[in-house]
Amino acid sequence: MSLVEIARYQDVYEADLAAAFLLSHDIEVSVTERFQTTVDPLMQRALGIRLMGRADQAEQARDLLKRAGRRVRHGRGR
């Protein structure tokens, strides 16, 4: 199972909300960089918080986030 970046967020709270939204639609995702960036909040802005998911669900996940009005920045694993 290959993971790809679904979206990238400025803070962990926004990423967690997006993850919960996608999980409510049966799309499995994980929030990366959670622990590194919560130690140093400036790292959140520098690195961003990535929402990673399965490659076979990526398009559906991005579409749901777009329709929900979330800002989505596509990752390399598109």
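This passage describes the nonpolar core, the first helix and two buried polar residues of a predicted model.

In soluble globular proteins, nonpolar side chains tend to be buried together. In the present model, the largest nonpolar core comprises 17 residues, and those that make the most contacts inside it are Ile-6, Tyr-9, Leu-22, Val-31, Leu-51 and Leu-65. Two or more residues of this core are supplied by each of strand 1 (3-9), helix 1 (12-23), strand 3 (49-54) and helix 4 (58-67). The greatest contribution comes from helix 1, which provides 5 residues. The surroundings of Leu-22 give a view of how this core is joined: when neighbours within four places in sequence are left aside, Leu-22 is in contact with Ile-6, Ile-27, Val-29, Leu-51, Ala-61, Leu-64 and Leu-65.

Helix 1 was then considered along its length and around its axis. With 12 residues at 1.5 Å a residue, helix 1 should span 16 Å, and the distance of 16 Å between its end C-alpha atoms agrees with this expectation. The buried residues of the helix are Val-12, Ala-15, Ala-18, Ala-19 and Leu-22. Because these residues cover an arc of only 125° around the axis, they are placed on the same side of helix 1. The face turned away from this buried side carries Tyr-13 and Leu-17, both of which are exposed. At the start of the helix, a side-chain oxygen of Asp-11 comes to within 3.1 Å of the backbone nitrogen of Tyr-13, so that Tyr-13 appears both in this polar contact and on the exposed face of helix 1.

Two polar residues that are buried were also examined. Glu-5 is located in strand 1, one of the elements that give two or more residues to the core. The relative accessibility of Glu-5 is 8%, and this residue therefore counts as buried, since buried means under 20%. The side chain of Glu-5 is joined to that of Arg-8 by a polar contact of 2.7 Å.

Gln-57, by comparison, is found in the loop between strand 3 and helix 4. Its relative accessibility is 11%, so Gln-57 likewise counts as buried. The side chain of Gln-57 reaches the backbone nitrogen of Glu-28 at a distance of 3.3 Å. Apart from neighbours within four places in sequence, the residues in contact with Gln-57 are Asp-26, Ile-27 and Glu-28; of these, Ile-27 is also in contact with Leu-22.

Terms used: Residues numbered from 1 in each chain as written. Predicted model: local features only at pLDDT ≥ 70, side-chain atom pairs only at ≥ 80, totals over all residues. Heavy atoms only, no water. Core = buried A, V, L, I, M, F, W, Y, C linked by side-chain atoms within 4.5 Å. Buried < 20%, exposed > 50% of the residue type's maximum accessible area, 1.4 Å probe, protein only. Helix = DSSP H or I, 4+ residues; strand = E, 2+ residues; numbered from the N terminus. Contact = heavy atoms within 4.5 Å. Expected span 1.5 Å × (residues − 1). Arc of directions from axis to C-beta. Polar contact = N/O pair within 3.5 Å; in protein donor to acceptor, adjacent residues only side chain to side chain.
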